[in-house]
Amino acid sequence: MSKKAKVMQAPVQANDPQTQGGRGKKAKNPMKTLGRLIKFTFFTNYKVAGIFMVLCVIFAAVCNALGSAMLAPIITELTKGLNADLTYILWCILIVGCIYAIGAGSTFAYNRIMMYIAQGTLRNLRIKMFHKMQSLPLKYFDNNTHGDIMSLYTNDVDTMRQLLSQTVPQMVSAVVTVIALLIMMIIYSFTLTCVILLMVAVMILIIRYVGSRSAKNFLLQQRVLGELNGFVEEMTEGQKVIKVFCHEEDAKADFKKINDEMYEASTKAHIYSFILGPINNNLGYIEYVLVAVVGIALIATGNTGALLSSYAGWSATADTVVAVCAGLLVSFLAYSRQFMNPIQQVSMQFNSIVMGLAGAERIFEMMDTEPEDQGGDITLSFNEYEEGRYAWKKPMPDGTFEYTPLMGDIRFNDVMFGYVPEKVILKHITLYAKPGQELAFVGATGAGKTTITNLINRFYDIQSGTITYDGIPIREINKADLRRSLGVVLQDTHLFTGTIMENIRYGRPDATDDECIKAAINANADMFIRHLPEGYDTEITGDGANLSQGQRQLLSIARAMVTHCPVLILDEATSSIDTRTEKLIVQALDNLMRGRTVFVIAHRLSTVRGAHAIMVLDHGVIIERGSHEQLIAQKGTYYQLYTGAFELD
């Protein structure tokens with residue numbers, strides 16, 4: 001069953017580094033990123049396979065070099081005409097065939113191994129990314145759009161796939177091949193080697209000039225692609241609102257703007273990318289012709305020493321010298337083609353390298369994000385303090401444990417909080433909720449009602465003041481155990497792919513079927529569930545698209561009920577339910593509240609009349625508190641809201 005989550009969007013600062021997330025930027029330190037990627041790939045997961053791959057690459061490069069070297073004796077022998085030793089030539093050809101066959105086998109082997117390594121690395125990386133994501137604080141998800149986060153798993157991982165499966169093996173092969181061929185060429189002719197290196201320098205300058213412009217636009221393309229994904233996701237989710245307010249034309253215009261930006265960046269990137277190949281190919285032909293011309297000129301002028309380093313000072317008949325020089329020149333020309341090919345191939349992969357490293361850096365940035373602080377070492381235990389009861393378990397210095405019964409007593413003392421430190425939202429909040437009490441928060445949108453409940457869950461940490469739970473500062477309680485003691489029903493329901501029963505059990509995985517059914521009965525969801533085609537085994541798809549909004553809310557309430565938590569947080573839990581169903585839910589909640597602490601956020605003031613205490617918030621300040629009767633008697637803000645003199649925004 002997939003696990004998604006909808007959370008409240010906190011204010012996002014334009015200059016927040018997490019907001020930027022490095023999307024579409026060039027890798028700040030490409031060598032460091034490449035080193036980390038290589039370490040993760042070859043030294044963490046695939047050491048043995050990596051060694052075999054490198055050996056196969058070396059073997060393939062050596063075979064290619066030896067195969068070209070065998071052309072020299074064949075050409076030399078053929079220049080003898082009728083006096084040529086055909087048996088010797090056939091043996092040489094056979095040896096060349098065997099060498100190239102072994103080289104081809106080695107090439108196939110290292111490509112196959114690298115594909116295995118690349119796909120395995122991406123699989124492991126996705127696992128680590130998802131595990132890391134589960135440990136990140138809500139601030140990360142507030143500051144990064146869902147579409148942008150999804151791009152990490154799709155676009156950025158795909159660029160890494162190309163880098164690992166195609167570019168890396170080509171780069172490794174190119175480096176080994178270039179080194180092997182360079183050694184052979186220097187042995188054959190230092191003069192002709194200098195000619196080749198001169199053309200390589202020209203090629204590198206052109207690659208750098210054209211490639212940098214191509215990479216710039218490819219990176220812009222990646223950034224805009226992330227924006228495009230986020231925009232499409234937003235428009236898809238808000239399609240009903242778009243149609244209701246007739247914003248189709250505005251949506252089209254906004255999409256066209258982003259799509260045009262994508263088009264321009266992609267066009268420029270691919271233009272530069274495509275012209276790089278023909279330029280390099282033509283430079284390769286020019287280099288080949290230059291080497292041939294210089295080599296023939298040296299032979300014609302008798303400068304065999306300058307032509308062939310290994311034969312410097314060698315004396316023989318003129319015909320023999322020419323024959324040997326011709327054979328070695330043919331081998332050298334073959335070397336020159338082989339030497340330029342890897343450089344051309346790597347240059348064609350330049351954009352994949354840049355994009356792959358940029359994608360890897362964005363992924364590593366997410367993986368390097370500080371995980372959510374799990375809080376203190378106080379945990380939740382069951383049956384240890386007393387049979388059938390929960391208690392807070394605090395380790396003591398002497399190795400023993402101190403137990404505090406779990407009651408649900410929550411207190412705020414002079415709490416100050418802001419999503420951004422310089423912008424305070426809650427100001428000097430002091431309140432208490434004793435076990436079994438219902439505490440209600442009312443006020444305009446943005447007054448801070450939901451923020452208070454988010455602080456109880458420790459979705460965010462306060463700037464100053466204290467929040468205690470059964471007399472224990474919540475900072476000292478492990479977050480996972482803290483949240484296990486809280487049942488939450490949000491205004492925005494979220495159901496997961498799976499059966500009705502699995503969605504109810506999501507609140508407590510070890511709950512039995514009977515417990516889940518009992519929770520559904522208490523939430524008044526049992527009746528509509530039994531009328532579904534498969535009852536509790538009915539599959540939910542698309543976040544409960546096959547259910548009504550009210551039915552989804554009832555299941556969300558049942559999911560909270562099955563937890564048996566001593567504290568319940570109801571954030572507009574009845575906002576999407578009709579009046580008749582709301583009354584049934586309120587009755588069920590009255591039974592559920594016995595011995596529990598309940599925090600209720602509601603716009604419908606009729607739903608909080610029975611609360612032990614009602615807090616009226618305005619711009620992060622509690623301006624009134626008391627029971628319904630007390631606040632009505634005061635004839636203040638609550639009275640005016642209740643009588644309709646004021647309306648909630």
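## Helix turns and salt bridges

Tutor: Asp158 and Arg161 sit three residues apart in helix H7 (residues 146-188), so about one helical turn separates them. Helices here are DSSP runs (H or I, at least four residues), numbered from the N terminus. This is a predicted model, where local features need pLDDT of at least 70, side-chain atom pairs count only at pLDDT 80 or more, and totals for chains, interfaces and linings use all residues. Residues are numbered from 1 along each chain as its sequence is written, and side-chain values use heavy atoms, leaving out hydrogens and water.

Student: So what do the side chains of Asp158 and Arg161 meet in?

Tutor: An α-helix has 3.6 residues a turn, so residues three or four places apart point the same way. Here the N to O distance is 3.0 Å. The cut-off is a side-chain nitrogen of Lys or Arg within 4 Å of a carboxyl oxygen of Asp or Glu, so Asp158 and Arg161 meet in a salt bridge.

Student: Arg458 forms a salt bridge with Asp461 too. Is Arg458 buried or exposed?

Tutor: Buried means under 20% relative accessible area, exposed over 50%, and partly exposed in between (1.4 Å probe, protein chains only). Asp461, at 27%, counts as partly exposed. Arg458 has just 1%, so Arg458 is buried.

Student: How far apart are the end C-alpha atoms of helix H3?

Tutor: H3 covers residues 47-69, which is 23 residues. The expected span is 1.5 Å times one less than the number of residues, so H3 should span 33 Å. The model agrees, because its end C-alpha atoms are apart by 33 Å.

Definitions and conventions. Helix = DSSP H or I, 4+ residues; strand = E, 2+ residues; numbered from the N terminus.
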